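Hi,

Here is the structure I said I'd pass on. Have a look at it first, then read on for what turned up.

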Amino acid sequence: MSDVEPSARWNARGFSTRAVHAGSDPDPATGAVVTPIYQTSTYKQDGVGGLRTGLGVGYEYSRSANPTRTGLEECLAALESPAGAPAAAFAFASGLAAEDTLLRSVLAPGDHLVLGDDAYGGSYRLIARVAGPWGVAHDAVPMADPDAVRAAVRPGATRVVWVETPTNPLLGVADIAALAEIAHAAGALLVVDNTFATPYLQTPLALGADVVVHSTTKYCGGHSDVVGGALVVAAGAAVPRLDGVGALGASVAERVGFHQNAMGAVAGPFDAWLVQRGLKTLSLRMDRHCDNAERVVAFLLDHPRVASVLYPGLPDHPGHQVAARQMRRFGGMVSFRLAGGLEDALTVCKRTEVFTLAESLGGVESLIEHPGRMTHASVAGSALEVPDDLVRLSVGIEDATDLLVDLEQALA
Ligand SMILES: Cc1ncc(COP(=O)(O)O)c(C=O)c1O
């Protein structure tokens, strides 16, 4: 974990400056401008029980900490931290590894969790089918409706309210500040999966969330060449009730740090390096993703075979006002429903040439998928089941005209 103030001297700078420099100080040994890939499992120690101190930092074993991973963690913390309240970041081998570590850090058997009824299928599977048998109950409710969340929390039992915004794949929007109030009033933590928005478009910790979750596989890495995950914990976040959480203290950051090492699902040095390289261009890529998504949305809205377009940037999207308040722009993910139902949805997915038919999202290349049969197959039959006429696009950074021509021929 990055237990020091994350690259504190960069914190007052703008987003892009932090993305390039935080956690990327020139290597103290060689002056290398880019943090090297410290592909080592262990470190020479200065003496028995004495870490190597010559470089001003001490490492003993790369599951516990590794300098390349530290660089990524400092960068993520600098990007998600609210002004003046440095957060702590932790990098994992995948988004689900991060989520699993968080669940086991702050929950115990007998606890209750509230999650959205539109969420990434793998997160739902982890909560329902791994945490469930361990003894954690859950309810899935529409997160866009704060009253539904208020009604679902069980004061004294609900420890976590878990929200994605925008959601995967229906692009719903939840009011982070309102949910933070509801969660805190019930003695629960608010966890926000910020994978779709990224810290460039939205900073949940500044709106009152306690923990941010990332699949860094997506926009943070940005090039579809790495699987990774991260947790960013707000300064001062604490597990509200200590009974049943074991001998550790209440600090969420300390609990996550302990579990990261104890469970061991860490990001390897090369993967951490790839994600940090991705973060350096996050603002440029996100602006281009948003530009292209806006062009695609305008095209789809006018197309006779398209029944509806789901995008938080549309003024008639039910979450538009909230999204406009809490997001810088509306992102690169676009979903749409086909007037011709399932068959048309499958045909469009088959026919695109620039949009590649593939799971995942957030890379420079445009992807198309059918959530019902692909990313969200694991929620079939549950409250999270998605419509079968739905197609999800991850709009890449190619030339917008090529994307529109491709969609035109696929819909023809
Ligand atoms: C919103 C969201 N959260 C979490 C995950 C899980 O991340 P990973 O696939 O890196 O384990 C995904 C993966 O698609 C996702 O879309």
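To start with one residue: is Asp271 buried, exposed or partly exposed? Keep in mind that this is a predicted model. With a relative accessible area of 31%, Asp271 comes out as partly exposed, because buried would need a value under 20% and exposed one over 50%.

Asp271 sits in helix H9, which covers residues 269–280. If you skip the neighbours within four places in sequence, Asp271 touches Val226 and Val227. As for distances, Asn261 is 10 residues away from Asp271 along the chain, and their C-alpha atoms are 17 Å apart.

Asp271 also leads on to the cavities. The search gave 2 of them at 30 Å³ or more. Asp271 belongs to the lining of the second largest, together with Leu72, Ala91, Phe92, Thr216, Gly228, Gly229, Ala267, Ala272 and Val275. Two elements give two or more residues each to that lining: strand E1 (88–92) and H9. H9 has the largest share, with 3 residues. By type, the lining splits into 6 nonpolar, 3 polar and 1 charged, and the space inside is about 30 Å³.

The largest cavity has a volume of about 40 Å³. Around it you'll find Pro166, Leu171, Phe196, Ala197, Met327, Phe330, Gly331, Gly332 and Met333. No charged residue is part of this lining, which has 7 nonpolar and 2 polar ones.

Now for a sheet you may want to bring up on screen. It is an open one of 5 strands, ordered E8-E9-E12-E11-E10, with mixed pairing. Strand E8 (306–310) and strand E10 (356–357) are at the edges; each has a single partner strand, so one side of each lacks a neighbour in the sheet. E8 runs antiparallel to strand E9 (residues 333–338), and 4 bridges join the two. Within that pair, Ser308 is opposite Arg337 of E9.

Last, a helix that goes with this sheet: H12, residues 341–351, lies across E9, E10, strand E11 (367–369) and strand E12 (390–394). Relative to E9, H12 runs at about 135°.

That's what I have for now. Shout if anything is unclear.

Cheers

Note on methods. Residues numbered from 1 in each chain as written. Predicted model: local features only at pLDDT ≥ 70, side-chain atom pairs only at ≥ 80, totals over all residues. Heavy atoms only, no water. Buried < 20%, exposed > 50% of the residue type's maximum accessible area, 1.4 Å probe, protein only. Contact = heavy atoms within 4.5 Å. 1 Å grid on protein atoms, 1.4 Å probe; cavity = no way out; pocket = protein on both sides within 12 Å on 5 of 7 lines; lining within 4 Å. Points joined across faces, edges and corners; volume = space filled by probe spheres on them. Nonpolar A, V, L, I, M, F, W, Y, C, P; charged D, E, K, R; others polar. Pairing = 2+ DSSP bridges. Axes fitted to C-alpha atoms, helices over the stretch in contact; angles between N-to-C directions.
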